[in-house]
Amino acid sequence: MRAFRLGLLIASLAIASACSSAGGGSGDPLPPAPRQDRNLILQDELQRTAVSDLFEAIRNLRPQWLRQSPTVLRQGGEGSILVYLDGVRYGDPSSLRQISVNVVQEVRYLSASEAQARYGTMDLHGVIAVTTRHR
């Protein structure tokens with residue numbers, strides 16, 4: 001019985017060792033899969049959409065960006081998410097309809113606290129910051 005347990009233990013160790021070393025053969029671990037930043041849309045992702053304006057692209061790719069969250073600072077919830085185009089205040093989310101996805105390099109969502117730190121106290125609902133490609 002003791003010999004049987006010893007044999008079982010050795011077989012288990014051999015299987016565990018084989019499973020842990022299987023994979024690439026070179027011993028190098030596989031590179032981690034790229035993580036998608038939920039607050040960033042890059043040009044290549046925009047180009048894969050079948051829409052022409054940025055509002056529709058965001059509505060398809062990151063619809064949560066367009067949902068307005070109430071703030072404690074403004075009880076009535078007045079105001080909205082603001083859009084900045086190349087660092088300059090551009091308008092509300094409807095202004096995104098005027099921006100072609102073909103000219104955009106990246107779009108970033110900033111939470112209310114990030115927006116206030118970057119742009120000031122008017123941005124109580126967050127910001128959609130658009131960076132265009134400079135030619």
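These are my notes from looking through a predicted model of a protein chain.

**Overall layout**

I started with the fold elements. The protein chain has four helices and five strands. Going along the sequence, I read the order as α-β-α-α-β-β-β-α-β. So much for the order; next I wanted the contacts. Among contacts in the protein chain with a separation of 6 or more, 61% are between residues 24 or more positions apart.

**Surface and burial**

I looked up how much of the chain is covered. Of its 135 residues, 30% count as buried. The exposed area of the protein chain comes to about 9,300 Å², and carbon and sulfur atoms supply 55% of that area.

**Strand β5**

Then I turned to β5, which runs over residues 127-132. Is this strand mostly covered or mostly open? It is mostly covered, with five of its six residues buried.

Which strands does β5 pair with? I found β2 and β4. Strand β2, residues 82-85, pairs with β5 in the parallel sense, and I noted four bridges there. To pin down a spot in that pairing, I checked Leu82: its bridge partner in β5 is Val127.

Strand β4, residues 104-110, pairs with β5 in the antiparallel sense over six bridges. For a marker here I took Arg108, whose bridge partner in β5 is Ala129.

**Recap for myself**

β5 has a parallel pairing with β2 and an antiparallel one with β4. When I go back to the model, I'll find the pairings by Leu82 with Val127 and by Arg108 with Ala129.

Key: Residues numbered from 1 in each chain as written. Predicted model: local features only at pLDDT ≥ 70, side-chain atom pairs only at ≥ 80, totals over all residues. Heavy atoms only, no water. Buried < 20%, exposed > 50% of the residue type's maximum accessible area, 1.4 Å probe, protein only. Helix = DSSP H or I, 4+ residues; strand = E, 2+ residues; numbered from the N terminus. Pairing = 2+ DSSP bridges. Contact = heavy atoms within 4.5 Å. Areas by Shrake-Rupley, 256 points an atom, 1.4 Å probe, with all protein chains shown as cover.
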